[in-house]
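I opened a notebook page for this chain and kept the entries short. Each entry says what I looked up and what I found.

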Amino acid sequence: MKRHLVRYFITMFIVTAILMVVAMFFYNKMLSIDGRHYNFLPISVGYFAVITSLVHLVLVRSIYKEPRLFVRNFLFITVAYLLVNLFAILLFVFTHMDDITAAKYFILTFLVLYLCYLILEAVTLSIFVLHQRREEKRKLEQADQASEV
């Protein structure tokens, strides 16, 4: 588990750094377009990095704690994560009703970042689950070979 988490956080750091560079590039481009400050770009990257990391930690611990309940926990956490993000979008939009441009940029940014981190989470979790299944299969085969002798 520790090796997986180290790999995950290295990958998370790399993806977050790339997205932060892209966010700062677009932040500077948007400043030059209409002269307004949209500081939610770098904040959104940090938000997704933290929330996605917490979700991943909970799901990985769920696999170790009770593997049979993993699917239920995964579905519950995924729906809760989606609802929290929807609430964040609605909160921003309703607090920025007077500046529709900021709301549009925020929604677009939020959806792109959500997709990026969702893909990261799905790929890393799939690799982890596949590795766990291979390990269990290998242990069962070793136990069968030991019982045959």
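**Entry 1: the pair α2 and α3.** I began with the handedness of one helix pair. Helices α2 and α3 cross in a right-handed way. I then looked up which residues make the contact. From α2 I listed F40, Y47, F48, I51, T52, V55, V58, L59, S62 and I63. From α3 I listed F70, N73, F74, I77, Y81, V84, N85, A88 and F92. Sorted by class, the residues of this contact give 15 nonpolar, 4 polar and no charged.

I noted that this is a predicted model, so what I write down is computed from a prediction.

Next I looked up the geometry of the pair. Two packed helices are described by the angle between their axes and the distance between those axes. The axes of α2 and α3 come within 10 Å, and their crossing angle is roughly 165 degrees. Angles over 145 degrees count as roughly antiparallel, and α2 and α3 are therefore roughly antiparallel to each other.

**Entry 2: the pair α3 and α4.** I asked at what angle the axes of α3 and α4 cross. The answer is roughly 165 degrees, with the axes coming within 10 Å. That makes α3 roughly antiparallel to α4. In passing α4, α3 makes a right-handed crossing.

I wrote out the contact residues here too. On the α3 side they are F70, F74, Y81, L82, N85, A88, I89, F92 and V93. On the α4 side they are A102, A103, F106, I107, F110, L111, Y114, L125 and V129. The class count for the contact of α3 with α4 is 17 nonpolar, 1 polar and no charged residues.

**Entry 3: the pair α2 and α4.** Helix α2 covers residues 40–65 and helix α4 covers residues 100–148. I asked whether α2 and α4 run roughly parallel or roughly antiparallel. Their axes come within 10 Å and cross at roughly 25 degrees. Angles under 35 degrees count as roughly parallel, and α2 and α4 are therefore roughly parallel to each other. The crossing of α2 past α4 is right-handed. The residues of this contact divide into 21 nonpolar, 6 polar and 1 charged.

**Entry 4: residue I89.** I picked one residue from the α3 side of the contact with α4, namely I89. I89 lies in helix α3, which spans residues 70–95. Is I89 buried or exposed? Its relative accessibility is 14%, so I89 counts as buried, the cut-off for buried being under 20%.

I then looked up what I89 touches. Leaving out residues up to four places away in sequence, I89 touches F106, I107, F110 and L111. Those four names also appear on the α4 side of the contact in Entry 2. I also checked a distance: I89 and A23 are 66 residues apart in sequence and 18 Å apart in space, C-alpha to C-alpha.

**Entry 5: residue A122.** For A122 I looked up the place first, and A122 is in helix α4. With a relative accessible area of 40%, A122 is partly exposed. A122 and L59 are 63 residues apart in sequence, while their C-alpha atoms are 11 Å apart in space. L59 is one of the α2 residues in the contact of α2 with α3.

**Entry 6: the whole chain.** I finished with the chain as a whole. How many helices and strands does the chain have? There are 4 helices and 0 strands, and from the N terminus the elements run α-α-α-α. The radius of gyration is 20 Å, well over the 15 Å that the globule rule gives for 149 residues, so the chain is more spread out than a compact globule. Along the principal axes, the C-alpha atoms fill a box of roughly 75 × 25 × 15 Å.

Two percentages close the page. Buried residues make up 32% of the 149 residues. Of the contacts with a separation of 6 or more, 72% are between residues 24 or more positions apart.

Methods. Residues numbered from 1 in each chain as written. Predicted model: local features only at pLDDT ≥ 70, side-chain atom pairs only at ≥ 80, totals over all residues. Heavy atoms only, no water. Axes fitted to C-alpha atoms, helices over the stretch in contact; angles between N-to-C directions. Parallel < 35°, antiparallel > 145°, perpendicular 65-115°, else oblique. Left-handed = near helix turned anticlockwise from the far one by under 90°. Nonpolar A, V, L, I, M, F, W, Y, C, P; charged D, E, K, R; others polar. Rg over C-alpha atoms; globule rule 2.2 N^0.38 Å. Buried < 20%, exposed > 50% of the residue type's maximum accessible area, 1.4 Å probe, protein only. Contact = heavy atoms within 4.5 Å.
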